Amino acid sequence: MHPPAEAITALLDGTHADPFSLLGVHPGPQGAFARAILPGAERAEAFALDGTPLGVLKRVDPRGLFEGPVAGSPQPVRYACQAGQHSWQVTDPYSFGPVLGPVDDFLIGQGTHHRLFDKLGAHVIDHEGARGVHFAVWAPNARLVSVVGDFNDWDGARHPMRRRSDTGIWELFLPDIGGGRPYKYRIVASDGTVQPYKADPYALAAELRPHTASITLDAPPHAWGDAEHRAFWEKADPRHQPISIYEVHAGSWRKPGDGREFYSWDELADQLIPYAVDMGFTHIEFLPVSEHPYDPSWGYQTTGLYAPSARFGEPMGFARFVDGAHRAGLGVLIDWVPAHFPTDAHGLSRFDGTALYEHEDPRQGFHPDWNTAIYNFGRREVRDFLINNALFWAERYHVDGLRVDAVASMLYRDYSRKSGEWIPNAQGGRENWEAVDFLRAMNQAVYGTCPGVMTMAEESTSWPGVTQPALDEGERPSSLGFGFKWNMGFMNDTLRYMARDPVHRRYHHNEITFGLVYAFTENFVLPISHDEVVHGKGSMLGKMAGDDWHKFANLRAYYGMMWGYPGKKLLFMGQEFAQRREWSEARALDWDMLDHAPHAGMQAWVRDLNRAYAALPALHARDCEGEGFEWLVVDDALASVFAWVRRAPGHAPVVVVCNMTPALHDHYRLPLPHDGEWREVLNSDAAHYGGSGQGNAGKIVAEDGAAFVILPPLSTMMFEYQSKAE
């Protein structure tokens, strides 16, 4: 029976809800029957994919509709088309069966599909004898979804997709196209309105801004050479390892001098990896590397969570960078951003005409600080989208960890909101239990399936159990299951202290000591991040008190204190050589500063701190355990002196001493845990670093539980126990 005229019109207009019911090859009472839309063709003959002729089709509508009987059973077909002197071939996408199967539907429906990034999005595959691209997108409330791109002149009528009713996923296999093709989705909402063309949420690559299309990717799997690196971290407990992180914005660490805006990943690898290794850092942490439309967002307003930004070249360049870092002994961490949901028209906002990924109610779904939406963490498909993304970076690009941005904004429904601007939870409280469940599930998935990969939370409140295991215990357990938490209290208190004139520091002694009250309640990272050197906050050097000499001395003393303090370390790029200007993503770091001795001295100091931290287990092996720390001098506020000992089982203890005044103490009685000789490991006042050159000639000797030592002005020193006195 011939379809009704309105159905044919809908087909040709690209508005038919089920194009597969009419197009393609179908069984009939007298054999197979084919129907196809072949725009511009005057004649069309059907062939099997192996070239066997199947029959000539008749044009039954001048708009390009062909149909007719074909030999054999239903199968994928290719049409040889002619119009005047022109001829071409078209493989019929509607003659292919679906790619997704019932197992996918079951796992997706259950919320346990941890390979969605292999199923949704665009993937170059071989399917039923043909090579092409399989497109799949979740849009459950859409009336119609079409894939559009340069392969169909961005015509939404050409390639409407098949709807899988059980999951709300639309899919289509397009034969004869491969990698490097820009595309988007044309989505018709349930009320008939056409959404702005949408980029693919699962796209593996994207156009360089200001363009916003997704790109099909057909890259062979990277041949990884990092097995040794990964094997080490799979067995290691990172709490007991030295972790010193160099935080980097890939677009402004350095910039090419040839007029280009950015180095490629391969060029960055050639420069950044050797630099980080030489500086003694154990990890590089990148600000978000996912695709984002706006440079000044630094990547935190991402619209392509699965696509490395096109700013730095093709996506596999990032894989090569990570591999190169691993071969050199460096880990690679990335900032991961489930807290920000930009509302760009081509992104996830009202994706299928409804609040699909976000909340409908702005009291739950609008973030006043960033003018963005908020993911609906309580929706199974949204949670799976984000959890799969975390697993994707660990599996596809071998990243060593995820630093999760703005966790506090996710945990509280009233975050940055006034009364009446938020909705309490079912118990009447402010906790966002849906976000808690999501974060717990994400950490369970990462730690359960990606051995050696760690997660870190930027969490600025006293939420209990951020780094406690996310065990399924209790009705509403609050433990989140992160590996580490950024210690924002340490950063705030100690920087406030260092900004004070040393004459006033005696009155604020607790700004240094208070952090040890809670230092072991979580597994902490001590962060001096990009957030401290932007938006009018100046540079680290500018935060220090005093004239130029005192600023450098203060900063060296501060870094020394931080590297001797319990917790893993993080320093943002440029601060290792005391960049003077506030950071801007629009320009490279001021590397010419290294031509000046104080800046070169600071760089040498940070390098030596990193090397000592890694070489001396006492400084790192018990970063997260109270047994590894003991105060030696905690109450000498008058002299602004602090001293403590760091310990690790089976290794020599290390004593850290800080003098936070410009006064030289040339006969200071320093309590020590063992009599005997202590080697001076580091001294921030050494002339080599730009200091005044005061010190203890390389060692001190303790008798009766103490030694009289020289404490240089504005300095931190470290001493390693050598042997008992003879």
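This report walks through a predicted model, looking at its sheets, a pair of helices, its open pockets, its closed cavities and two unusual spots in the backbone.

**The barrel**

A good place to begin is the closed barrel. Eight strands build this barrel, in the order β15-β16-β19-β22-β23-β24-β25-β26, and their pairing is parallel. Going round the barrel, the twist averages 25 degrees from one strand to the next. You can pick out one pair of neighbours by eye: β23 covers residues 454-457 and β24 covers residues 484-486, and the two strands pair in the parallel sense over two bridges. To find the match between them, look for Ala457, which stands opposite Lys485 in β24.

**The open sheet**

Now move along the chain to another sheet. Here six strands lie in the order β27-β28-β29-β34-β31-β32, forming an open sheet with antiparallel pairing. Which strands sit at the edges? They are β27 and β32, the latter spanning 699-702, and each of them pairs on one side only. In this open sheet the twist averages 25 degrees from one strand to the next.

At one edge, β27 (residues 629-636) pairs with β28 (residues 641-646) in the antiparallel sense, over five bridges. Within this pair, Val645 in β28 is the residue that Glu630 stands opposite. The two strands make a hairpin with four residues between them, and in this hairpin Ser640 takes a positive phi near 55 degrees.

At the other edge, β31 (residues 676-683) and β32 are joined by four bridges, again in the antiparallel sense. Glu677 has Val701 in β32 as its bridge partner.

**Two helices that cross**

Two packed helices are described by the angle between their axes and the distance between the axes. Try this with helix α11 (residues 488-499) and helix α14 (residues 548-564): their axes come within 11 Å and cross at roughly 150 degrees. Angles over 145 degrees count as roughly antiparallel, so α11 is roughly antiparallel to α14. The crossing of these two helices is right-handed.

**Pockets and cavities**

Next come the spaces in the model. The table gives the two largest pockets and the two largest cavities.

| Space | Volume | Lining residues |
|---|---|---|
| Largest pocket | about 600 Å³ | 13 nonpolar, eleven polar, six charged |
| Second largest pocket | about 520 Å³ | 19 nonpolar, six polar, four charged |
| Largest cavity | about 130 Å³ | six nonpolar, seven polar, four charged |
| Second largest cavity | about 110 Å³ | eight nonpolar, five polar, one charged |

Start with the largest pocket, at about 600 Å³. It is lined by 30 residues, and the closest to its centre are Tyr300, His340, Trp370, Asp405 and Asp531. Two elements give two or more residues to this lining: α9 (407-411) and α11. You have met α11 already, as the crossing partner of α14.

The second largest pocket has a volume of about 520 Å³. Of its 29 lining residues, Val90, Thr91, Pro93, Arg158 and His159 are the closest to the centre. The elements that supply two or more residues to this lining are β2 (31-37), β6 (77-83), β7 (86-91) and β12 (169-175). Which of these elements gives the most to the lining? That is β7, with four residues.

How many cavities of 30 Å³ or more does a search of the whole structure find? There are five. The largest cavity is lined by 17 residues, and Ala206, Thr212, Glu291, Thr303 and His346 are the closest to its centre. The second largest cavity has 14 lining residues, and those nearest its centre are Thr302, Thr303, Gly304, Gly347 and Leu348. Thr303 is therefore worth finding in your viewer, as you will meet this residue in both lists.

**Two backbone details**

Finally, look at two loops. In the loop between β13 (182-188) and β14 (214-215) you will find Pro210. The peptide bond that leads from Arg209 to Pro210 is cis, with omega near 10 degrees.

The loop between β12 and β13 holds Asp176. This residue is not a glycine, yet its phi is positive, at about 70 degrees.

Technical notes. Residues numbered from 1 in each chain as written. Predicted model: local features only at pLDDT ≥ 70, side-chain atom pairs only at ≥ 80, totals over all residues. Heavy atoms only, no water. 1 Å grid on protein atoms, 1.4 Å probe; cavity = no way out; pocket = protein on both sides within 12 Å on 5 of 7 lines; lining within 4 Å. Points joined across faces, edges and corners; volume = space filled by probe spheres on them. Nonpolar A, V, L, I, M, F, W, Y, C, P; charged D, E, K, R; others polar. Pairing = 2+ DSSP bridges. Axes fitted to C-alpha atoms, helices over the stretch in contact; angles between N-to-C directions. Parallel < 35°, antiparallel > 145°, perpendicular 65-115°, else oblique. Left-handed = near helix turned anticlockwise from the far one by under 90°.
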